[in-house]
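Here is a short round of questions on one protein model. Work through them with the structure open.

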Amino acid sequence: MGWARTLLLGDIGNRLDIEDTERDIQDVRRELRAGRYADQTQDQQIAALQQENEELEICVASLIKLLEGKGVVSAEEVNKLVMRVEM
């Protein structure tokens, strides 16, 4: 309402305009904080998934070496499997 409030209500109208503006600023701050929190949460989830993925890769590599060492699979079979997975 701005100028009409000031014209009709004087100082009270000014104060109401200021309160509206302060409320709008608080709303914007709240939205920015929520966005930052979501980004941090996503970053934490991505980091956890990257760590889990790395651990799984290590487990798979260890399992393949164990199977190859016991003669269950040959090096050629392992290479073929790796080629299929990388495609």
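Q: In which helix do Asp-27 and Arg-30 both lie?
A: This is a predicted model. Asp-27 and Arg-30 are three residues apart, about one turn of the helix. Their side chains meet in a salt bridge, 2.8 Å from N to O. Both residues lie in helix H2.

Q: Is Arg-30 buried or exposed?
A: Exposed means over 50% relative accessible area. Arg-30 has 51%, so the label follows. Its partner in the salt bridge is Asp-27, which is partly exposed at 29%. Arg-30 itself is exposed.

Q: Which residue meets Asp-20 in a salt bridge?
A: Look in helix H2, three residues away from Asp-20, about one turn of the helix. Asp-20 is partly exposed at 25% relative accessibility. The residue it meets is partly exposed too, at 47%. The N to O distance is 3.1 Å, and the residue is Arg-23.

Q: Why are Glu-76 and Lys-80 separated by about one helical turn?
A: Both residues sit in helix H3, residues 75-86. They form a salt bridge, with the closest N and O atoms 3.5 Å apart. Glu-76 is exposed at 54%, whereas Lys-80 is partly exposed at 46%. The turn follows because their spacing in the helix is four residues.

Q: How many salt bridges does the count come to?
A: The rule asks for a side-chain nitrogen of Lys or Arg within 4 Å of a carboxyl oxygen of Asp or Glu. Asp-20 with Arg-23 is one such pair. Glu-76 with Lys-80 is another. The count comes to three.

Q: Which residues form the negative surface patch?
A: Patch residues need over 30% relative accessible area and no salt bridge. Glu-57, in helix H2, is partly exposed at 48%. The patch is formed by Glu-52, Glu-54, Glu-55 and Glu-57.

Q: What pattern does the protein chain follow along the sequence?
A: The chain has three helices and zero strands. Helix H2 covers residues 11-69, and helix H3 covers residues 75-86. The pattern is α-α-α.

Q: What percentage of the protein chain's residues count as buried?
A: Buried means under 20% relative accessible area. The accessible surface comes to about 7,800 Å², with 58% belonging to carbon and sulfur atoms. Of the 87 residues, the buried share is 6%.

Q: Which element has the lowest mean pLDDT?
A: The chain's mean pLDDT is 83, and 87% of its residues reach 70 or more. Helix H2 has the highest mean among the elements, 85. Where pLDDT is low, the predicted coordinates should not be read in detail. The lowest mean, 67, belongs to helix H1.

Note on methods. Residues numbered from 1 in each chain as written. Predicted model: local features only at pLDDT ≥ 70, side-chain atom pairs only at ≥ 80, totals over all residues. Heavy atoms only, no water. Helix = DSSP H or I, 4+ residues; strand = E, 2+ residues; numbered from the N terminus. Buried < 20%, exposed > 50% of the residue type's maximum accessible area, 1.4 Å probe, protein only. Areas by Shrake-Rupley, 256 points an atom, 1.4 Å probe, with all protein chains shown as cover. pLDDT = per-residue confidence, 0-100. Patch = residues over 30% accessible without salt bridge, like charges linked within 9 Å, V, L, I, M, F, W, Y side chains within 5 Å. Lys, Arg positive; Asp, Glu negative; His and termini not counted. Charge placed at Lys NZ, Arg CZ, Asp CG, Glu CD.
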